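This briefing introduces a structure to a reader who has not met it before. The sequence and the coordinates are shown first, and the notes that follow are grouped by topic.

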Amino acid sequence: TMRAGAAGARIFRASSHVSLVRLVVPRVPWVSGSWISKPWRRVRVCSRLVFTMAGVMATPENMPLKSPRNDAAPPRRYVDIGANLTDKMFQGEYHGKRYHAPDLHRVLQRAKKTGLEIIIVTAGTLEESEDAVRLVKRFDTGKSISGGGTGTGNNTDSSLPTFPRLFTTVGVHPTRCDVFQNSGDPEGYFGKLLARATERSYLLSKDNLSSKGAHDDANDAVTSTGPIVAIGECGLDYDRLEFCGKNTQLVWFERQFELSRVTKLPMFLHSRSAHGDFFSILKKHRVAAETAGDPLPPCVVHSFDGTCEELNDFLTLEGVYIGINGCSLRTETSLDVVKHVPPEKLMVETDAPWCSIKNTHPGAAFVDTKWQSKDKKKIYKELEKFDLDEVEKEELDASLENVTVKDRSEPCHVAQVVEVLARVRGEDPHVLAETCRENTMKVFFPFGV
């Protein structure tokens with residue numbers, strides 16, 4: 001696939017031959033004044049003309065052009081295990097103020113072109129889970145990703161999905177655990193969570209599917225299972241006790257292990273400044289279930305940013321995986337910690353729209369895949385003009401394919417997480433991406449998608 005920055009490279013090359021453009025543009029009869037008056041079109045016209053002329057006039061001595069590589073590595077394939085796609089930022093709203101039109105369709109298209117096959121949309125309450133299920137129904141094509149050609153971003157087979165496959169979770173985030181008491185019927189609310197997880201579970205037809213074997217018929221798995229693949233996001237967060245008290249968090253974190261035990265769905269876990277209590281509870285439930293001969297499903301500690309000692313605690317437990325995103329890579333110490341996660345325990349995520357890799361982070365220099373970004377106030381302003389005809393809108397819309405909102409993380413940025421992680425670990429990013437994908441499929445999608 002062509003990297004997001006390739007278009008910028010072509011424009012730079014075109015600008016270095018501006019004299020050629022000046023010679024050619026006035027003599028081209030189909031270039032009208034209105035066409036040239038649009039700056040974004042001017043760039044597209046000029047770059048096309050330069051490459052057209054270059055193909056005829058250039059020689060290796062005065063304008064070297066690289067031939068397409070036949071030995072290019074295959075495109076990377078990704079699964080983003082956690083993205084908050086129900087967040088209002090993807091509807092253009094930031095801190096209660098609207099800045100632009102909803103653009104989730106662009107975000108998903110960009111993710112697909114980057115190589116994302118699957119995105120797990122995280123939910124933090126019962127109501128948010130219902131919103132996430134509606135989002136999945138709206139954008140998920142239900143088409144299988146099985147087979148070697150999907151996730152490339154440039155496959156012309158119309159049978160392949162335009163967007164990544166979408167799945168979601170059900171559970172209550174630690175900072176939202178007051179919803180149980182505020183519902184007026186805490187046990188009733190918990191019962192609704194269990195019912196939702198059961199009715200919409202990916203493992204709904206587990207018994208039927210298991211008789212076929214884990215991956216015997218991926219297309220049957222698509223049509224006979226639901227969108228919920230995990231219990232969560234749940235855990236403990238002592239950094240933000242102003243949203244929910246410690247005792248309330250402890251009670252409902254423990255209770256949500258029951259959801260995993262009953263549904264056999266893996267857990268998507270959150271721990272912030274609470275490792276002692278978090279690990280103690282996690283170990284208690286996993287060891288007890290193992291001893292009773294009914295092991296809990298695997299789990300992932302998402303957005304891990306702990307110490308080597310905390311990592312080693314998790315690695316003593318069977319079935320515990322580590323989720324890495326931009327927040328896991330913020331400091332030199334963090335970069336040292338992630339070197340020690342065994343590859344068979346790694347998963348990657350974005351936690352979009354949060355946890356991006358910023359230019360101030362020590363791993364920023366290791367990022368290869370980049371997109372142009374624009375301020376949220378300006379990114380779609382041109383599209384809002386009333387004097388644009390349909391052709392102009394289509395051209396402008398296409399020009400925004402590789403433009404992201406500044407400081408807003410998106411699923412496509414999982415490529416950057418893999419690149420930084422691979423560099424600090426001294427591994428090949430393609431191999432690492434595939435390893436993380438295999439781990440994720442084993443835990444969340446044992447019957448394929």
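In this predicted model, C244 sits in the loop that runs between strand 6 (228-237) and helix 11 (246-263). Its relative accessible area is 1%, so C244 is buried. The points below begin with the surroundings of C244 and then turn to the disulfide, the nonpolar cores, the aromatic pairs and helix 17.

**C244 and T175**

- Not counting residues up to four places away in sequence, C244 touches P174, T175, C177, D178 and Q249.
- C244 and H173 are 71 residues apart in sequence, and their C-alpha atoms are 9.9 Å apart in space.
- T175, one of the residues that C244 touches, is found in the loop between strand 5 (165-170) and helix 7 (178-182).
- T175 has a relative accessible area of 12%, under the 20% limit, and is therefore buried.
- The side chains of T175 and H173 are joined by a polar contact of 2.9 Å.
- With residues up to four places away in sequence left out, T175 touches D237, R240, F243 and C244.

**The disulfide and other cysteines**

- One disulfide is found in a search of the whole structure.
- This disulfide joins C327 to C355, with an S to S distance of 2.4 Å.
- The torsion about the S-S bond of C327 and C355 is about -90°, and the disulfide is therefore left-handed.
- C327 lies in the loop between strand 9 (320-324) and helix 14 (332-338), while C355 lies in the loop between strand 10 (346-348) and strand 11 (372-374), so the disulfide ties together parts that are 28 residues apart in sequence.
- C327 counts as buried because its relative accessibility is 14%, and C355 counts as buried because its relative accessibility is 15%.
- C299 takes part in no disulfide; the nearest cysteine sulfur belongs to C234 and is 9.3 Å away.
- With a relative accessible area of 1%, C299 is buried.
- C308, at 22% relative accessibility, counts as partly exposed.

**Nonpolar cores**

- The largest nonpolar core contains 96 residues, and those with the most contacts inside it are L85, L282, F314, L329, F444 and F445.
- Helix 16 (residues 414-425) gives the most to this core, contributing eight residues.
- A second core, separate from the largest one, has seven residues, among them I379, Y380, V403 and V405.
- Apart from its neighbours within four places in sequence, F314 is in contact with H275, F278, F279, L282, V301, F304, V320 and I322.

**Aromatic pairs**

- The count of aromatic pairs comes to 15.
- The ring centres of Y94 and Y99 are 5.9 Å apart and the ring planes stand at 75°, so this pair is edge-to-face.
- Y94 counts as buried at 6% relative accessibility, whereas Y99 is partly exposed, with a relative accessible area of 22%.
- F253 and F278 form a stacked pair, at 5.3 Å centre to centre and with 5° between the planes.
- The pair of F253 and F278 links distant parts of the chain, since F253 is in helix 11 and F278 is in helix 12 (residues 275-291), 25 residues apart.
- F253 counts as buried at 0% relative accessibility, and F278 counts as buried at 0% relative accessibility.
- Ring pairs link F253, F257, F278, F279, F304 and F314 into a cluster.

**Helix 17**

- Helix 17 (residues 429-444) has 16 residues, which at 1.5 Å a residue should span 22 Å; its end C-alpha atoms are 22 Å apart, in agreement with that value.
- The N-terminal end of helix 17 is capped by D428, a side-chain oxygen of which lies 2.7 Å from the backbone nitrogen of H430.
- The buried residues of helix 17 include L432, A433, T435, C436, R437, N439, T440, M441, V443 and F444.
- F444, one of these buried residues, is also one of the residues with the most contacts inside the largest nonpolar core.

Conventions
Residues are numbered from 1 along each chain as its sequence is written. This is a predicted model: local features need pLDDT of at least 70, side-chain atom pairs count only at pLDDT 80 or more; totals for chains, interfaces and linings use all residues. Side-chain values use heavy atoms; hydrogens and water are left out. A nonpolar core is a set of buried Ala, Val, Leu, Ile, Met, Phe, Trp, Tyr and Cys residues joined through side-chain atoms within 4.5 Å. Buried means under 20% relative accessible area, exposed over 50%, partly exposed in between (1.4 Å probe, protein chains only). Helices (H or I, at least four residues) and strands (E, at least two) are DSSP runs, numbered from the N terminus. Contact means heavy atoms within 4.5 Å. A disulfide is a pair of cysteine sulfur atoms within 2.5 Å. The expected span of a helix is 1.5 Å times one less than its number of residues. A polar contact is a pair of N or O atoms within 3.5 Å; within protein, one must be able to donate a hydrogen and the other to accept it, and residues adjacent in sequence count only if both atoms are side-chain atoms. Rings of Phe, Tyr and Trp (its six-membered ring) pair if their centres lie within 6.5 Å; planes under 30 degrees apart count as stacked, over 60 as edge-to-face and the rest as tilted.
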